[in-house]
Every structure is written in C-alpha cells, then in structure tokens.
Amino acid sequence: MAASTHLNGATTTTSPLATPTQKSVFFFDIDNCLYPKSYKIHDRMSLLIDKYFQENLSVTPEEATKLHQRYYKDYGLAIEGLVRHHKVDPMEYNEKVDDALPLDEIIKPNPKLRKLIQDIDREQVKLWLFTNAYKTHGERVVKLLGIEHLFEGMTYCDYAAETNLLCKPRPEMYAKAMRDAGVEDVERCYFVDDSGLNAKAAKAFGWKAAHLVEPMSQGPEAPVADFQIADLEELRTVFAELFKPS
Ligand SMILES: [Mg+2]
C-alpha cells in the first residue's frame, strides 16, 4: 500500500504527487467503520488516553477524563488538544495509545467485508483509506482484517508533522485526501464514515457521503449525509454504480 503524500505543508519530504486518476475514488474511514463498534476498541483506547493524560499532565483521574472528553469534543481528536495546549509529542502518544492496543486479540480477518470490497469495480473505482489515526494504526487494522491489499493508499492524520494536526472534519483534510488519491473532481468522490461530523463535512465538501450508524448506536435526529446506513452491505445499494454488475 502506498503511503500518503505529505502535501499539507507540514513536512519537507519530496513525496511525489499522486498519479492523476480518471476513476471515481471511494474513501473509507477505518475505526468503528471497517470493524463494528461492538469490538469496543474505542473504549480501550479511551482508557489508554486517560492513563496517558494522567501520567503526562500530572492530573487526577477525574481531570484526565474531563480533559480527554473536552479535547475530543473541541477538536475531534484528543491528541490535537494535547499538542495545542500541553506540547505533547504526538508520536509518543501514538506509541502509548494507538500502537499499544492489543488489536491482534480483537480484530480477525473478515471474509464478508473482503467480499464486499472485492465486489467494487476496481477498473472504475480507486479504493482509498481515510483515517484520523496515524498510519501505523491504520495499516495494522486493515492488515488484521485481511483487506490491506485491496486499497491503493491511505490518507491519515500525520502525527509526525510539526504544525497543527490536520484531520477530518476540516475541509483541508478532504482536499488533502483528494490530492493524495490523485482525484480533482469532488463529484467523483465517495465516502463512508461512522462519524456524523465527518460524513456531514464530506457532503458539504461536495462528496457523496454515507454515514454508518450501527443499530446499537444512537443516530442523529435527521440524517447528516446523503445516505444513512446501518450496515456496510448497504453500500451495494446506495452506491450501486461503484459495484461490478452482478
Ligand atoms: Mg471512524
């Protein structure tokens, strides 16, 4: 899988521009989207985040939880608050939180998901991962699911960048994903994410967006994207034009 190029001005690497594509691009969120919320990976992550806050900011457990929740709400990512307000090193955070998760005990290959993705017409559609995690975590998840070979690349939150972290739902992040994937026309961009904020922002950016709301989770009062789905299998219907004729 090709790594994302670093085009947000935050790094000085000379990553080549993506080869322009005439295909449509289907962007997939990873966490709580390619695997179900019932795996409770987010809960485990929350525990590690609270622990990290306590150990690095010398705060009480109560304060740690409060800060974590506030940064998550304000920035969509706890790490962004840590970097902005506490000068925390995001790479160290990534190592102690995301990379410390025992994912191999939780995530197993998913043949049904693999079949769904294989049924997308890759002659017409470029498949691209689009996550707010760092690349090490994203790569680990898709590898454990047994689908890493099906994607042509990944746009991730670059924790190694020196400036403010760029992540969904900021419009610049969607623009970055398009540059990474080599697509110029928003009309050719498709997206699925379990985050209402991210799905809404994608739609506002001109993408065709599906918001995944599993039956166990509470959905928004009114749909925030073009489609609200309860299961990824519904992509076959709502984005039927992306699939091989059956
Ligand atoms: Mg997600």
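The following exercises, each with a worked solution, concern cysteines, salt bridges and the sheet of a predicted model.

The model is predicted, so local features need pLDDT of at least 70 and side-chain atom pairs count only at pLDDT 80 or more, whereas totals for chains, interfaces and linings use all residues. Residues are numbered from 1 along each chain as its sequence is written, and side-chain values use heavy atoms, with hydrogens and water left out.

**Exercise 1. Cysteines**

Determine how many disulfides the structure holds, and explain the result for Cys33 and Cys157.

Solution.

Step 1. A disulfide is a covalent bond between the sulfur atoms of two cysteines. The criterion applied is a pair of cysteine sulfur atoms within 2.5 Å.

Step 2. For Cys33, the closest cysteine sulfur belongs to Cys189 and lies 16 Å away, which is too far for a bond. For Cys157, the closest is that of Cys167 at 5.0 Å, again too far for a bond.

Step 3. The count of disulfides is zero.

Step 4. Burial can be added to this picture; buried means under 20% relative accessible area, exposed over 50%, and partly exposed in between (1.4 Å probe, protein chains only). Cys33 is buried at 4% relative accessibility, and Cys157 is buried at 0%.

**Exercise 2. A salt bridge within a helix**

Locate the salt bridge between Glu80 and Arg84 and state how accessible each partner is.

Solution.

Step 1. Side chains of opposite charge can pair when their charged atoms come close. A salt bridge is counted when a side-chain nitrogen of Lys or Arg is within 4 Å of a carboxyl oxygen of Asp or Glu; the total is twelve.

Step 2. Between Glu80 and Arg84 the N to O distance is 2.7 Å.

Step 3. Both residues belong to helix H3 (residues 78-86) and are four residues apart, about one turn of the helix. Helices (H or I, at least four residues) and strands (E, at least two) are DSSP runs, numbered from the N terminus.

Step 4. Glu80 is buried, at 3% relative accessible area, while Arg84 is partly exposed, at 37%.

**Exercise 3. A salt bridge between distant parts of the chain**

Describe the pairing of Asp119 with Arg236 and the network to which these residues belong.

Solution.

Step 1. The two side chains form a salt bridge with an N to O distance of 2.8 Å.

Step 2. This pair links distant parts of the chain, 117 residues apart: Asp119 is in the loop between helix H6 (111-118) and strand E2 (125-130), and Arg236 is in helix H10 (residues 235-238).

Step 3. Asp119 is buried at 17% relative accessible area; Arg236, at 29%, is partly exposed.

Step 4. Salt bridges join Lys115, Asp119, Glu233 and Arg236 in a network.

**Exercise 4. From the sheet to Asp193**

Establish the strand order of the sheet, then place Asp193 by its strand partner and its salt bridge.

Solution.

Step 1. The open sheet has six strands in the order E3-E2-E1-E4-E5-E6, with parallel pairing. Two strands pair if DSSP finds at least two bridges between them.

Step 2. E3 and strand E6 (227-229) are the edges; each has a single partner strand, so one side of each lacks a neighbour in the sheet.

Step 3. E4 pairs with strand E5 (residues 208-212) in the parallel sense over four bridges, and Asp193 has His211 in E5 as its bridge partner.

Step 4. The side chain of Asp193 also forms a salt bridge with Lys168 (3.0 Å, N to O). This pair links distant parts of the chain, 25 residues apart: Lys168 lies in the loop between strand E3 (153-155) and helix H8 (171-181), and Asp193 in strand E4 (residues 189-193).

Step 5. Lys168 is buried at 1% relative accessibility, and Asp193 is buried at 1%.
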